[in-house]
Amino acid sequence: MTERRRTRGEHQKALAEKNKKNKNKKKPASTAKTWFKRIFLTLCTIVVVGLLGGAGLFAYYASTAPELDEDLLKDPVSSEFYDKNGELFATIGAENRKYIKYEDIPEDMVNAILATEDVRFFEHHGMDFYRLGGAILANFRDGFGAQGASTLTQQVVKNSFLQNEKKLKRKAQEAWLAFQLERKYSKEEIFEMYFNKMLMSGRIYGFGTAAQYFYGKELKDLSLDEEALLAGLVQRPNAYNPLKNPELAKKRRNTVLGLMHQHGKISKAEMEEAQQLDVQEGLADDTTRQSFAGSKYDAFLDVVINELEENGDGTAMAEGIKVYTTLDPNAQKIVENTMNDDSNFPTEDIQSGVAVIDTKTGAIQAVGGGRHYGAIRGWNYAEDLTNNQPGSTMKPLIDYGPAIEYLKWSTGQTLVDEPITYTGTKQTITNWDGRYMGAITARKALYASRNVPAVKTLQEVGIEKAKEFVGRLGIKTDDLYESDAIGGGAITISPIQMAASYAAFGNNGVYTDPHSITKIVYRDGKTSKNYTPEPKVAMSDYTAYMVTDMLRDVVGNKPDASGTAANVPGLDIAGKTGTTNYSAEDFSKYNLPNTSVPDSWFAGYTTNYSIAIWSGYEKHFDPITTWEERRLPQNLFKTIMQEISASVETASFKKPSTVVEATIEVGSNPLRLASDYTPSELRQTELFVRGNEPTEVSSVYEVPSLSTPYNVTASLDLEGQSINISWEHDAMLNPETDEPLPTSFEISATREGGGSVALGTTDSKGLTVSNTLEEGNYTISVVAIVDGTRSEPGTTSFQIVGTTEEEPDVEEPEEVEEPDIELPIDPGQDGSETDTNNGENGEGNNNNNNNSGDINGPIDPNQQPPTPPTEPLSPTEEEQSTE
């Protein structure tokens, strides 16, 4: 079958349909091209508008830039420092500056600066666009301000006219003024401005001054490594100070030497030789630096300058800023007077660092950088002492604080002071006195500074929890070991940080970073930067108070308290002592006396001030060997705290509602309330986190049995009208006061074969009653009674015998003689000697009170008849006697 052929009309129709489809397929490509053109044109428009806008904005900012001032260009601008009362106490600027002309600058010094700061300085016109491009890429990658591209010219402009801030306006003005400066001055003149203007360290401006300060040399006498070190200081003047931070300074110096080699300024051999040199070799001594006068409060000012550095404003002083500080001038004077009085120190060379901080705000009030501290020293023991172990001052921070915070321990928690080893080792933990106290409370373990209970406490808390706790107190550490429980591990700390950490205990658990600056105000007088840190809750109020209450006992008068020398009468003070140790290898290697320790600490606080003090020697292996040296921090603390508190009201620490008291039985585990019969020496009132106090009473000590009255005697008077009964008794003692408890006695008589008759009760140890008893044999009983508890009876036998009726008188005949009657002879009346044995040892004859009770029988011729009791004589009636 053949296919039917299409007609002409059908063919035209099919062709039309095909063309229509092809037309539709090409349409999307045309649309995409159109949109691409539109986006491109839009972007071009944005770029053009942006450039025009940017140019206009640049022109506006440039028009508002300050005029070039030659005096400001050549001289550093002074910065002003104010105390907490708003009073000016220091001005730092062009004082003591050694101005150097360009032609007197050594070539290697020029090369070192250019290789480090601006290698194309002699080629650009104020702006280095190569560096600018790299900085722009870095800013896109890491954020605006991540990297700068300032030339030497721009740095001169910034330090002369503009404030140190990364804002578009400042950068625009800086660029404009840099172009203007390049047009007005030669490259050599601009380099000379830079060379003499830059802040080099602390209050040292200019490279020529720095050469004198650090090396005691003229510029021409500096070696290559010394020139490289000075060239590297500008970036971070205080951080790269070789006197304080030799490791950082060496790293920076070697970087500069590497850049000099990279840019062809020195050979590889010269670079390597200079990099091998000791960075502190050739540094000037203190005497050489004496000529550089400091401010009135050098130690405090050093802390301020370092804080500016840490906050990115290290070079801001060269721009004429106003710095508002936390300085308390009165406290600073007291600290300096104490530190400069040699009579306060037991040896000529022992050193100390002191930090005084506001307990409530963390503001640094005063700093003692060392004895006779001056700007020349360069080492501030209050701030720069960051590599020394803190000893037992760590115990509240890393052991007992976390135990209360996380485990809700009581201050009476039972801990056993006994020989143990660190986990996984054979190293025995010892106490400072080589003794162990057995079961004691956490309170005593802390105030007596026992090491074993401290390590046990950290083991209970756990390393991670301890790190978390001290981290909230500003002490950051990657490593923490069991030895840190007693301050001999990885953690090191400065007196400033120590004082700030302890302040949180005195501030209801709120911690604020230590700070010496509240704000800075830039040159325009309007722009400012806040430096005051925000307070943070570091622990519960119950933890803060319970630790504080334990630390009160450190400075109290309890036996074994370790910090009694720091106590100030009239002030509510809490604190902790600390000493560190040498290793066994150290004792052997350095032939140290067996009493040697490297560091001694005391940290203490009131509701107003927190003070931490370190004492020791400049060289680690120059040891403290005497107790007078060990107690130096306590003595300094007492002097300073007493004087700074004299003119201010100091409130006592207030117990929060989250803390309750309970009297426990010491040594019980778990803790039990003391019973009425717990001995007084084991009864102690301790603190508990509310809801965690014990409810069960200890049953260790049962109701004590009453002792039985003894030596009971009974007798009739001569006429037989009354019965005299006496006895002895050992009283029961009050367990709290050790005083005798009130005791009464119940006396009764029981007739043989008959009933019992109550004779009476008394609080004394004797009773006289009327004789109403019938004749017969009796048992006299005496029972002691204390608070309803009755003793076993003490007894004696007693007999009452009837008397014979008298015969009536019979009248005898007168003639009968009266018969002789032999009467009993009274001993002592017949002229014979008395039995001296009865008075032996001064005890006399007391046989009249024997227990027979038979007074109607035959009379012993050697026995005195019983004497009725008599009333005691009044003091005026008694005869005076002498021994």
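Reader: Is Lys98 buried, partly exposed or exposed?
Author: Keep in mind that this is a predicted model. Buried would need under 20% relative accessible area and exposed over 50%. Lys98 comes out at 30% relative accessibility, so it counts as partly exposed.

Reader: Which residue forms a salt bridge with Lys98?
Author: Look along the chain, in the loop between helix H8 (207-215) and helix H9 (224-233), 120 residues apart from Lys98. Lys98 itself sits in the loop between strand S2 (88-92) and H3. The closest N and O atoms are 3.8 Å apart, and the partner is Glu218.

Reader: And what is the relative accessible area of Glu218?
Author: The window for partly exposed lies between 20% and 50%. Glu218 is partly exposed because its relative accessible area is 34%.

Reader: How many residues apart in sequence are the parts that Lys244 and Asp384 tie together?
Author: Their side chains meet in a salt bridge, at 3.8 Å from N to O, and both Lys244 and Asp384 are buried. Lys244 lies in the loop between H9 and helix H10 (246-262), Asp384 in the loop between strand S7 (364-368) and helix H15 (395-407), so the parts they tie together are apart in sequence by 140 residues.

Reader: Lys529 and Asp313 also meet in a salt bridge; is Asp313 buried or exposed?
Author: The N to O distance in this pair is 3.0 Å. Lys529, in strand S14 (residues 528-530), reaches Asp313 in the loop between helix H13 (298-310) and strand S5 (322-325), so parts 216 residues apart in sequence are tied together. Lys529 counts as partly exposed because its relative accessibility is 28%. Asp313 has 2% relative accessibility, so it counts as buried.

Reader: How many salt bridges does the structure hold?
Author: Some are linked in a network, made of Arg443, Asp549, Arg552, Asp553, Lys558, Asp572 and Glu686. For the structure, the count of salt bridges is 26.

Reader: Which elements give two or more residues to the negative surface patch?
Author: The patch is formed by Glu107, Asp108, Glu270 and Glu273. Glu273 counts as exposed because its relative accessibility is 59%, and it is found in helix H11. The elements that give two or more residues are helix H3 (107-117) and helix H11 (268-275).

Reader: There's a nonpolar patch on the surface too; what is the relative accessible area of its member Val703?
Author: Val703 shares the patch with Tyr677, Val700 and Tyr701, and together they have about 350 Å² of accessible area. Val703 lies in the loop between S20 and strand S21 (710-716). Exposed would need over 50%, so Val703 is only partly exposed, at 49%.

Reader: Which residue stands opposite Glu665 in S20?
Author: Strand S19 (residues 659-665) has five buried residues of its seven, so it is largely enclosed by the rest of the structure. S19 pairs with strand S20 (residues 683-689) in the antiparallel sense, over seven bridges. Opposite Glu665 stands Arg683.

Reader: Helix H17 (residues 451-461) is mostly covered; which residue follows it?
Author: Nine of the eleven residues of H17 are buried. Among them are Asn451, Pro453, Lys456, Leu458 and Val461. After H17 comes a residue with a positive phi, near 100°: Gly462.

Technical notes: Residues numbered from 1 in each chain as written. Predicted model: local features only at pLDDT ≥ 70, side-chain atom pairs only at ≥ 80, totals over all residues. Heavy atoms only, no water. Buried < 20%, exposed > 50% of the residue type's maximum accessible area, 1.4 Å probe, protein only. Helix = DSSP H or I, 4+ residues; strand = E, 2+ residues; numbered from the N terminus. Pairing = 2+ DSSP bridges. Patch = residues over 30% accessible without salt bridge, like charges linked within 9 Å, V, L, I, M, F, W, Y side chains within 5 Å. Areas by Shrake-Rupley, 256 points an atom, 1.4 Å probe, with all protein chains shown as cover. Salt bridge = Lys/Arg side-chain N within 4 Å of Asp/Glu carboxyl O. Lys, Arg positive; Asp, Glu negative; His and termini not counted. Charge placed at Lys NZ, Arg CZ, Asp CG, Glu CD.
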